Amino acid sequence: MTAPRTVEDLPSALDDAALADRLAGRRPAVFLDYDGVLTPIVARPEDAVWSDSMRRTVRELADRVSVCIVTGRDRDVVQQLMGVDDLVVAGSHGFDIWSPTDGQIGHDVLDDFTDLIVETTDTLRTRLDGLDGVGIEPKRASVAVHYRQAAPEVHDRVGAIVDALLRENPDRLAVVPGKMVYELKPAVDWNKGKAVLHLIEVLGLASDDVVPLYLGDDITDEDAFRALRGRGIGILVGSPDDPEMAGRRTDAEFVLASVDDVERFLSALGR
């Protein structure tokens with residue numbers, strides 16, 4: 001297996017012949033993160049609404065090949081932001097998978113984590129109270145602590161509070177690091193990569209004539225890139241000019257520099 005590379009070392013998915021060769025004569029199955037892939041990263045999560053042209057591009061692609069949205073957001077939230085309800089969506093890092101034809105798609109590791117998430121959310125609200133620019137976002141199976149709008153001197157305090165909570169709950173909670181966010185989730189063996197592999201099986205995409213493609217930008221998407229090594233293609237969305245991306249090591253094999261490039265790539269894929 002190829003060792004992880006930096007974003008600066010990756011070939012572009014828009015003009016690399018090796019990617020075209022791997023797709024030749026086979027059907028793509030496309031898995032897409034939402035924030036940072038279908039819409040730019042924004043200061044307030046509720047403002048991340050994709051463009052009309054991106055919506056058309058994804059809908060047109062979904063008429064031709066399998067398209068699934070895989071996101072850390074709650075499934076119903078991302079469906080509301082997209083304004084569509086006819087795509088397969090794996091929300092909450094794959095804890096909540098839904099299909100427009102089959103409804104809820106179950107898997108063995110899931111349980112009702114409502115009490116744990118409520119307890120964790122309440123604790124975070126108490127301990128983070130008074131820290132300006134810090135937002136708490138409870139979800140179905142996790143709770144996110146956003147600090148993008150906080151002053152730099154607050155960042156370390158947020159990290160220390162999250163670390164302390166994890167030390168107090170080593171068998172109950174785990175953290176999913178992201179772009180200016182800590183996401184606390186149940187300490188179970190499930191992530192975006194396992195969700196993608198599960199979807200490949202239940203949607204009948206495990207045949208040799210199908211190539212799974214995963215497009216993601218965040219640290220959480222690395223699980224999916226690793227899961228598809230040897231059976232699919234991981235595409236990192238991000239530019240080395242982005243301070244949060246420069247020098248980052250990734251298991252993706254190709255790169256797209258921006259959301260605009262994603263739209264161009266998906267449009268070409270659908271032709």
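Helices (H or I, at least four residues) and strands (E, at least two) are DSSP runs that are numbered from the N terminus. With these names, asparagine 191 can be placed in the loop between strand S10 (181-186) and helix H6.

This is a predicted model, in which local features need pLDDT of at least 70 and side-chain atom pairs count only at pLDDT 80 or more, while totals for chains, interfaces and linings use all residues. Residues are numbered from 1 along each chain as its sequence is written, and side-chain values use heavy atoms, with hydrogens and water left out.

Asparagine 191 caps the N-terminal end of H6, where a side-chain oxygen lies 2.9 Å from the backbone nitrogen of glycine 193; such a polar contact is a pair of N or O atoms within 3.5 Å, of which, within protein, one must be able to donate a hydrogen and the other to accept it, and residues adjacent in sequence count only if both atoms are side-chain atoms. H6 spans residues 192-202, and its buried residues include Lys192, Val196 and Leu199. After H6 comes glycine 204, whose phi is positive, near 70°.

Leucine 61 belongs to helix H2 (residues 52-62), and its C-alpha atom is separated by 7.4 Å from that of leucine 269, although the two are 208 residues apart along the chain.

The table uses two terms: buried means under 20% relative accessible area, exposed over 50% and partly exposed in between (1.4 Å probe, protein chains only), and contact means heavy atoms within 4.5 Å. Contacts leave out residues up to four places away in sequence.

| Residue | Relative accessible area | Contacts |
|---|---|---|
| Asparagine 191 | 19%, buried | His93 and Asp223 |
| Leucine 61 | 2%, buried | Val30, Val67, Leu266, Leu269 and Gly270 |
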